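Dear colleague,

I am handing over the structure we spoke about, and below it you will find an account of what came out of the analysis. Please read the two side by side.

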Amino acid sequence: MKRKAIFLLYRVVQALGSPVFLIYLLSRSLRSGAWARSLPERFGSLPPSWQQTVAGPIWLHAVSVGEVLAVAPVLEALRAQLPGVPSFLSVGTLAGREMAQKRVSHLTAGIFFVPFDFVWCIRRVVRRLRPSVVVVVETEIWPNLFREVTRVGGGLAIVNARISDRALPRYRRFRFLFRAILPLCHRILAQSEAMRARYIEIGAPESIVETAGNLKYCATAASASKAAPEEVERFLRVSRGSKLWIAASTSADANIEEEDAVIAAQRNLSGWRLILVPRKPERFDAVARKLDSSGLPFTRRTSLANPSADVLLLDSIGELSGLFAFADVVFMGGTLAEKGGHNILEPAAFGKPVIAGPHLENFADIEAVFEAGRALVRIQNGGELRDAILRAASDPDVGVRARRAADSQRGADERCAAVIAELHDTHWPRVRPVQPAFAVLWFFAQLWRFFSARDRRAKLRRMRRLPVPVVSVGNITAGGTGKTPVTIELLRSFQFASPGLLTRGH
């Protein structure tokens, strides 16, 4: 199917689905005031102070927390390679926005919610920022975004590109769509050879897809904060002398809530304290109720009523990475529940023993590196968690091997930044007028083209060849370019031939 037909079909589907989409927005806004406040930016309204007078900024898009952490080292590398070029970062989730404000706000000229993939929303942002390059992290493939960026002449790249095992069948089903979209990219930098093959399979031209490594290896302890917030520091001061473990990014599916296994393990760990960190903020209250019914002494990060409690419920966003340095053992959530796992690199970069369940499908390449280096403690179910914690704590070499595995695959950030800098240097986007004005001006442009062509044909029919040589003095610039002095000088030079002068009467 032709590319134009694909995009037309996409826009027709958007138009037909708009009533349902508006109902969804209303429902979501009623449930969350923060979501409602994000709508202006999601409809493409950015601060007037961000208006760029010349083209050149870089727009990076990282949908949520994991992608924000992955793109942070790229932002640092871009600042070093292109120190005078502003970078803007868009996110898709509330948690991603909060993490971006905490971790990379000093590296960007602005952070905003990515616009909905309607043409008019995308064009509003493109006109405001005038980006030379748009960089998408991982798998955010939006047809109108990709098309509008390339229509104005901007560069387009996907970095840290990946397609998970779970998502691959869906991408295969819609291969006809991606075959029209992915060739719009100028470069696609995949995490691994396997991910490169997947992008080619769903329609990306082989010539633009290359393996650049996984950016998440670059988000290490060196770039993470090692300072705990004052409220958490009060909990940690009490913990000194005790063992501390962190249950990070715990999740739930239809069959299991990982906090149940975490609570059961903590009840059987004498002399240990726990920091429990649910993955999703909407589960904070439910996990607090679980802790309350378990009988374990606990306190919440947002209130910290009892700093000497055995369990701290970290009901906040963006503070987890700074706490890995204080842990003796880390259990990574999303690996017992069938969630595909969460990133094990950050605790490993601090040299901490990491425990994971059977599900790390979303990080298969990282899993392979850690398994090969015996750098990961695996469990098959929640009942094995307590013994795994004690086993990991008693073997200091597990943490050493974890740090070695995390350090072994770095360099993707520099490779990505080099590609982005190359695209920046070779792409200069043009201004595309607001659509109503563009339509009116296009109509008059067609009239001008028609009558100009007709006038040119009429003049060509009247054209006659003169019996003497003719010199034309002029150019497309009016005034101040020296046509009159040149003409006078030519007349003086041709005096012997009795030259004639033809003017338009100025």
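Helices and strands are taken here as DSSP runs, of at least four residues for a helix and at least two for a strand, and are numbered from the N terminus. Please keep in mind throughout that this is a predicted model.

With that numbering, E138 is found in the loop that runs between β4 (133-137) and α7 (143-151). Most residues other than glycine have a negative phi. E138, although not a glycine, has a positive phi of about 75 degrees, and this residue is buried, with a relative accessible area of 3%. R374 also has a positive phi without being a glycine, in this case near 50 degrees, and its place is the loop between α15 (364-372) and β14 (377-378). Is R374 buried or exposed? With a relative accessible area of 57%, R374 counts as exposed, because the cut-off for that word is over 50%.

Turning to the protein as a whole, it has 20 helices and 14 strands. Its radius of gyration is 30 Å, whereas a compact globule of 506 residues would have one near 23 Å, and the C-alpha trace spans about 115 × 50 × 45 Å along the principal axes. Buried residues account for 50% of the 506 residues, and the accessible surface comes to about 25100 Å², with 56% of that area belonging to carbon and sulfur atoms. If one takes the contacts between residues at least 6 apart in sequence, 68% of them join residues at least 24 apart. As for charge, the protein has 69 positive and 45 negative charges, and the mean positions of these two sets are 14 Å apart.

Which residues of the largest nonpolar core touch the most other members? In that core of 41 residues they are W59, F146, I158, L182, I188 and Y199. Leaving aside neighbours within four places in sequence, F146 is in contact with V136, E140, I141, L156, I158, I181, L184 and C185. There is also a second, separate core, which has 40 residues and includes L75, L82, V135 and L423.

W59 comes up again when one looks at I111, a residue of strand β3 (residues 110-113). The two are 52 residues apart in sequence, and their C-alpha atoms lie 9.8 Å apart in space. I111 counts as buried because its relative accessibility is 6%, and the limit for buried is under 20%. Once its neighbours within four places in sequence are set aside, I111 is in contact with W50, L89, R97, A100, Q101, V104 and S105.

The last residue I would point out is R430, which is found in the loop between α18 (412-426) and α19 (435-462) and is exposed, with a relative accessible area of 54%. Although R430 and G154 are 276 residues apart along the chain, their C-alpha atoms are separated by 8.2 Å. Where does R430 make its contacts, leaving aside neighbours within four places in sequence? They are with R151, V152 and G153.

With best regards

How values were computed
Residues are numbered from 1 along each chain as its sequence is written. This is a predicted model: local features need pLDDT of at least 70, side-chain atom pairs count only at pLDDT 80 or more; totals for chains, interfaces and linings use all residues. Side-chain values use heavy atoms; hydrogens and water are left out. Buried means under 20% relative accessible area, exposed over 50%, partly exposed in between (1.4 Å probe, protein chains only). A nonpolar core is a set of buried Ala, Val, Leu, Ile, Met, Phe, Trp, Tyr and Cys residues joined through side-chain atoms within 4.5 Å. Contact means heavy atoms within 4.5 Å. The radius of gyration is taken over C-alpha atoms; the globule rule is 2.2 Å times the number of residues to the power 0.38. Accessible areas come from the Shrake-Rupley method with a 1.4 Å probe; for residues, only the protein chains shown count as cover. Lys and Arg count as positive and Asp and Glu as negative; His and the chain ends are not counted. The place of a charge is taken as NZ of Lys, CZ of Arg, CG of Asp or CD of Glu.
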